[in-house]
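Me: I am new to reading structures, so I would like to ask how each label is earned. Could we go through this one together?

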Amino acid sequence: MKSLAIRNLSKTYFDAYAAAHVTAVRDVSLEVKEGEFVAIVGPSGCGKTTILNMIAGFIPPSAGEILVDGRAVKGPGPDRGVVFQSHALFPWKTVLENVAFGPKMRGLPRPEREAIAREYIALAGLSHAADRYPNELSGGMQQRVGVARALANHPDVLLMDEPFASVDAQTRMTLQEELTRIWQERRPTILFITHDVGEAVFLADRVVVLSKGRVLKEIDIDLPRPRRWDALIEDDRFKTLSGQVLQLVRSA
Ligand SMILES: Nc1ncnc2c1ncn2[C@@H]1O[C@H](COP(=O)(O)OP(=O)(O)OP(=O)(O)O)[C@@H](O)[C@H]1O
Ligand SMILES: [Mg+2]
């Protein structure tokens, strides 16, 4: 696992409907240290996905640079794993085959790649479903496969864009607890994007509030781990921090 740094990143789109340029991201600098869990939170349209897509290498920045462990990145690469809101699993492959796909692309022989896949499937609590197809799983299970698949590639940095937004509230809380458990066990470097203030504060070591394409403020989340919703929901420090972040997001 490695560090991630973005320096003076900007992105201007051409909006064909308005026939004008729109600056979605302005001069954003940010660091995620090795093994750190950072969340970016902000209202719809503030540029969160644009930042993530630039880091993933899916779209080029208009200005600025992106460094993974000090090396400038251009274009997508296996050093950055991505988990989207919709899981994007291969529907014709089983859970095991989906998770083993990255290791297969890396050229690992079948026994090795299946061993890696089974390890991450177990970590995601899905051993019983390894031979099922995605359409035989619940939405929450599909998202867990998405996380397992990203981790099985051993990325330096895990990029997550609202990965739990499409599941129900109870499942989302379980997935958040599981993600923090997996993170504590493996300590991947994570940049997690969400518009949900509670989710950001629950998950992260640090929350970055984004407003109109700029960093408004960074807040350290000094809550102890492991974090569990039944304890935190009553916790004064959690309430204070969530309140602080919410104020910032609402003023954004
Ligand atoms: N391909 C594009 N062409 C033109 N404008 C774009 C394009 N993609 C995004 N934008 C604009 O850039 C801004 C930021 O979009 P972005 O998707 O990064 O926001 P977001 O913070 O992820 O929002 P949400 O929470 O709704 O997902 C918006 O104003 C959007 O309309
Ligand atoms: Mg988005």
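**Pockets, a ligand and buried residues**

Me: Into how many nonpolar, polar and charged residues does the lining of the largest pocket divide?

Reply: There are 11 nonpolar, five polar and three charged residues in that lining. Nonpolar means Ala, Val, Leu, Ile, Met, Phe, Trp, Tyr, Cys or Pro, charged means Asp, Glu, Lys or Arg, and the others, Gly among them, are polar. Before we go on, this is a predicted model, in which local features need pLDDT of at least 70 and side-chain atom pairs pLDDT 80 or more, while totals for chains, interfaces and linings use all residues. Residues are numbered from 1 along each chain as its sequence is written, chains are lettered from A and ligands numbered from 1 in the order written, and side-chain values use heavy atoms, without hydrogens or water.

Me: What makes something a pocket, and what a cavity?

Reply: Both are sets of points on a 1 Å grid over the protein atoms alone: in a cavity a 1.4 Å probe fits but cannot get out, whereas a pocket is an open set with protein on both sides within 12 Å along at least five of seven lines. A residue counts as lining when it has an atom within 4 Å of a point. The largest pocket has 19 lining residues, and Arg80, Gly81, Val82, Arg149 and Asn153 lie nearest its centre. Strand S6 (80-83), helix H2 (95-105) and H4 each give two or more residues to this lining, with the largest share, four residues, coming from H2. These labels are DSSP runs numbered from the N terminus: helices are H or I of at least four residues, strands E of at least two.

Me: How many cavities of 30 Å³ or more are there, and which residues line the largest?

Reply: There are two of 30 Å³ or more. The largest has a volume of about 70 Å³, a volume being the space filled by probe spheres set on grid points joined across faces, edges and corners. Its lining is Ala124, Arg144, Val147, Phe164, Leu175, Glu178, Leu179 and Ile182. Helix H5 (169-186) and helix H4 (139-152) each supply at least two of them, and H5 gives the most, four. Arg144 and Glu178 are in that lining, and they are charged because Arg and Glu are on the charged list.

Me: Which residues are around ligand 1, and what puts them there?

Reply: A residue belongs there if one of its heavy atoms lies within 4 Å. Tyr13, Ala24, Pro43 and Glu162 are among those around ligand 1, and helix H1 (residues 48-56) gives the most, three residues.

Me: What makes the link between Thr49 and ligand 1 a polar contact?

Reply: An oxygen atom of ligand 1 is 2.8 Å from a side-chain N or O atom of Thr49. A polar contact is a pair of N or O atoms within 3.5 Å, so this pair qualifies. A polar backbone atom of Gly45 is also 2.8 Å from a ligand 1 oxygen.

Me: Which word fits Leu210, buried or exposed, and why?

Reply: Buried means under 20% relative accessible area, exposed over 50%, and partly exposed in between (1.4 Å probe, protein chains only). Leu210 has 1%, so it counts as buried. Leu210 sits in strand S9 (residues 206-211).

Me: How does the rule apply to Ile116, buried or exposed?

Reply: Its value is 14%, so Ile116 is buried. Ile116 lies in helix H3 (residues 110-123).

Note on methods: Polar contact = N/O pair within 3.5 Å; in protein donor to acceptor, adjacent residues only side chain to side chain.
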